[in-house]
Amino acid sequence: MKNYNCIVVLGPTAVGKTSIGVKIAHFFNGEVISADSRQTYNKLDIGSGKDLNEYVVDGEPVPYHLINVCSLPDEYNVFNYQTDFYKAFNDILSRGKLPVIVGGTGLYLDSVISNYELLPVEENKKLREELEPKSCEELTKILLELKPDYHSKNDFFEKDRLIKAIEIETAKTGEEGERLRKLIADRPEVKPLIIGTTLPRPQMWENISIRLKERLDEGMIEEVKEIHDSGISYERLEKLGLEYRYCSLFLEGKLKDKDELYEQLFVAIRQFAKRQETWFRMMEKKGVKINWLKPASKEERIKEAVELIKNS
């Protein structure tokens with residue numbers, strides 16, 4: 001490829017993007033960098049859909065990165081992801097391989113495609129003392145005055161994240177500014193050919209239903225119970241969302257039976273898929289070029305993706 005140094009394969013849940021991305025990596029002598037916020041955690045296997053068996057093509061393992069890189073109860077966030085991504089990206093390129101970024105976590109994908117300025121800033125105790133008494137609404141106003149195009153709207157509802165964001169934006173204009181600007185300048189340039197894949201809603205809903213039933217049969221509830229029994233609170237598991245939230249609610253006795261668990265989780269995953277598609281449309285509105293594959297069979301989509309890459 002003349003104008004790109006990596007491939008991105010993105011799409012909503014349950015459309016086969018991992019399989020497509022892995023086969024692309026195998027075909028073009030590449031390695032996968034996962035962009036899935038929950039697959040970063042150890043032991044979150046069935047519920048996060050790691051499906052590591054998919055990383056073997058024609059008997060050959062396809063190397064992957066940023067899966068199983070942290071453990072609960074620690075929180076892995078977009079700053080951690082971006083930092084680890086650049087290390088993996090440089091490593092893959094240094095060995096003459098092609099980075100293939102695969103996933104559906106829009107914030108993680110956008111952080112490296114759009115080069116978010118997420119930076120390591122030391123704690124400013126004086127500033128924190130001034131900000132602590134303020135409400136989330138007041139903190140949001142301060143943050144937007146510092147950075148009107150702030151990317152993560154979810155932070156507006158969490159006080160700790162708002163204070164940290166203000167701390168970072170304040171540091172950029174202070175004595176730390178020059179050091180932080182150098183960190184940004186030293187980042188590798190990510191020039192992605194972005195491939196999107198999705199399916200018509202009825203087919204996607206059917207895939208979600210089939211996959212959910214398979215995961216329940218494979219022991220997803222038992223996985224969550226085992227993690228809880230190891231010392232991780234249900235409150236922490238619920239914060240992981242979707243499968244881990246609803247299985248926790250079931251184990252806490254807040255859902256009457258497995259049928260209710262399935263029904264509520266099925267609806268929640270469908271809503272999540274819609275939010276993913278909304279995020280990708282937002283990226284396109286910002287000027288990110290996504291080459292959407294035709295909603296055909298997986299084999300036909302892989303073939304179309306390979307031809308697109310060859311001609312780029």
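Biologist: In this predicted model, is Glu 167 buried or exposed?
Modeller: The relative accessible area of Glu 167 is 2%. The cut-off for burial is under 20%. Because 2% falls under that limit, Glu 167 counts as buried.

Biologist: Which residue forms a salt bridge with Glu 167?
Modeller: Glu 167 lies in helix α6, residues 159–172, and its partner lies in the same helix, three residues apart, about one turn. The closest N and O atoms of the pair are 3.4 Å apart, and the criterion is within 4 Å. The partner, at 29% relative accessibility, is partly exposed. The residue in question is Lys 164.

Biologist: How many residues apart are Glu 277 and Arg 201?
Modeller: The side chains of Glu 277 and Arg 201 meet in a salt bridge of 2.8 Å, N to O. This pair links distant parts of the chain, with Glu 277 in helix α12 (residues 258–285) and Arg 201 in helix α8 (residues 201–218). Glu 277 is buried at 13% relative accessible area, whereas Arg 201 is partly exposed at 35%. The separation is 76 residues.

Biologist: Which helix holds Glu 243, the residue whose pair with Arg 215 ties together parts of the chain?
Modeller: Glu 243 and Arg 215 form a salt bridge through their side chains, at 3.3 Å from N to O. Arg 215 lies in helix α8, and the two parts tied together are 28 residues apart in sequence. Glu 243 has a relative accessible area of 2% and Arg 215 one of 7%, so each is buried under the 20% cut-off. The helix that holds Glu 243, spanning residues 242–251, is α11.

Biologist: Which residue is linked with Glu 31 and Asp 91 in a network of salt bridges?
Modeller: Glu 31 and Asp 91 both count as negative. A salt bridge requires a side-chain nitrogen of Lys or Arg, so the network needs such a residue as well. That residue is Arg 95.

Biologist: Where does Asp 51 lie?
Modeller: Asp 51 gathers with Glu 214, Asp 217 and Glu 218 in a surface patch of negative charge. At 36% relative accessibility, Asp 51 is partly exposed. Asp 51 lies in the loop between β2 (30–35) and β3 (56–57).

Biologist: How many disulfides are counted?
Modeller: Cys 6 is buried, with a relative accessible area of 0%, while Cys 136 is partly exposed at 26%. A disulfide requires two cysteine sulfur atoms within 2.5 Å. By this rule the count is zero.

Definitions and conventions:
Residues numbered from 1 in each chain as written. Predicted model: local features only at pLDDT ≥ 70, side-chain atom pairs only at ≥ 80, totals over all residues. Heavy atoms only, no water. Patch = residues over 30% accessible without salt bridge, like charges linked within 9 Å, V, L, I, M, F, W, Y side chains within 5 Å. Areas by Shrake-Rupley, 256 points an atom, 1.4 Å probe, with all protein chains shown as cover. Charge placed at Lys NZ, Arg CZ, Asp CG, Glu CD. Helix = DSSP H or I, 4+ residues; strand = E, 2+ residues; numbered from the N terminus. Buried < 20%, exposed > 50% of the residue type's maximum accessible area, 1.4 Å probe, protein only.
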